[in-house]
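The following exercises concern one protein model and are to be worked with the coordinates at hand. Each task is followed by a solution in steps.

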Amino acid sequence: RSPDHVASALIGQVMGIEVFARHSAARARALRDYVEEATRNDWFLTYVIINPQADRSKAWGEQAEADLTARIVDEDAGGITIRGGKMLGTSSIMANEVLVANLQPLKPGEENLAFS
């Protein structure tokens, strides 16, 4: 994997922007504007998508340390608040932007892990 996967993923999402627009015209516009800004300024984008896991016998949302895995802890008109960590930020120190997302499939009850 390399940071160019972020660009490919974002361009792919913009190609299917109608899916986002069905959910929220404002969010679709924000995504399109973000991708245009990143493209225009030739930003170096990277990502963190791996959850740290202290106890492999437990699911992501069941770890003893509440803030171990990045999760949504609040949502209001200003957006979402995330607390916790992700791992393996390839080239993050050199990036203009870091996409924080989820790689692992989620189960019902793990909605607070569903963000990007």
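**Exercise 1. Two residues with positive phi**

L88 is located in the loop that connects strand 3 and strand 4. The model is a predicted one. Determine the sign of phi at L88 and at D42, and classify the exposure of L88 and of D42.

*Solution.*

Step 1. Begin with the general expectation: most residues other than glycine have a negative phi.

Step 2. Read the backbone angle at L88. Phi is positive there, at about 65 degrees, although the residue is not a glycine.

Step 3. Classify its exposure. Residues over 50% relative accessible area count as exposed. L88 has a relative accessibility of 60% and therefore counts as exposed.

Step 4. Repeat the procedure for D42, which belongs to the loop between helix 3 and strand 1. D42 also is not a glycine, and its phi is positive at about 55 degrees. With a relative accessible area of 67%, D42 is exposed.

**Exercise 2. Chain architecture**

Describe the order of secondary-structure elements and the overall dimensions of the protein chain.

*Solution.*

Step 1. Count the elements: the chain has three helices and four strands.

Step 2. Place them in sequence order, which gives the pattern α-α-α-β-β-β-β.

Step 3. Take the extent of the C-alpha trace along its principal axes, about 45 × 30 × 25 Å.

Step 4. Consider burial and surface. Of the 116 residues, 28% count as buried. The accessible surface amounts to about 7700 Å², and carbon and sulfur atoms account for 54% of this area.

Step 5. Examine the contacts between residues at least 6 apart in sequence: 57% of them join residues at least 24 apart.

**Exercise 3. A salt bridge**

How many salt bridges does a search of the whole structure find, and where do R40 and E37 lie?

*Solution.*

Step 1. The search of the whole structure returns one salt bridge.

Step 2. Identify the partners: the side chains of R40 and E37 meet at 2.7 Å, N to O. This satisfies the criterion that the nitrogen be within 4 Å of a carboxyl oxygen.

Step 3. Locate the pair. Both residues lie in helix 3, three residues apart, which is about one turn of the helix.

Step 4. Compare the classes of exposure. R40 has a relative accessible area of 59% and is therefore exposed. E37 has a value of 30% and is therefore partly exposed.

Step 5. Recall the general principle: side chains of opposite charge can pair when their charged atoms come close.

**Exercise 4. The largest pocket**

Characterise the volume of the largest pocket and the classes of residue in its lining.

*Solution.*

Step 1. The largest pocket holds about 990 Å³ of space.

Step 2. Its lining comprises 24 residues, of which R27, I80, L99, F115 and S116 are the closest to the centre.

Step 3. Assign the lining to elements. Those that give two or more residues are helix 1 (4-15), helix 2 (17-23), helix 3 (25-40), strand 1 (45-48), strand 2 (71-76), strand 3 (79-83) and strand 4 (97-100).

Step 4. Sort the lining by class: 15 residues are nonpolar, five are polar and four are charged.

**Exercise 5. Q104 and a residue distant in sequence**

Is Q104 buried or exposed, and how far is Q104 from N51 in space?

*Solution.*

Step 1. Q104 occurs in the segment that follows strand 4.

Step 2. Burial requires a value under 20%. The relative accessible area of Q104 is 16%, so Q104 is buried.

Step 3. Between Q104 and N51 there is a sequence separation of 53 residues, while their C-alpha atoms are 8.3 Å apart in space.

Terms used: Residues are numbered from 1 along each chain as its sequence is written. This is a predicted model: local features need pLDDT of at least 70, side-chain atom pairs count only at pLDDT 80 or more; totals for chains, interfaces and linings use all residues. Side-chain values use heavy atoms; hydrogens and water are left out. On a 1 Å grid over the protein atoms alone, a cavity is a set of points where a 1.4 Å probe fits but cannot get out, and a pocket is an open set with protein on both sides within 12 Å along at least five of seven lines; lining residues have an atom within 4 Å of a point. Grid points are joined across faces, edges and corners, and a volume is the space filled by probe spheres set on the points. Ala, Val, Leu, Ile, Met, Phe, Trp, Tyr, Cys and Pro count as nonpolar, Asp, Glu, Lys and Arg as charged, and the others, Gly among them, as polar. Buried means under 20% relative accessible area, exposed over 50%, partly exposed in between (1.4 Å probe, protein chains only). Contact means heavy atoms within 4.5 Å. Accessible areas come from the Shrake-Rupley method with a 1.4 Å probe; for residues, only the protein chains shown count as cover.
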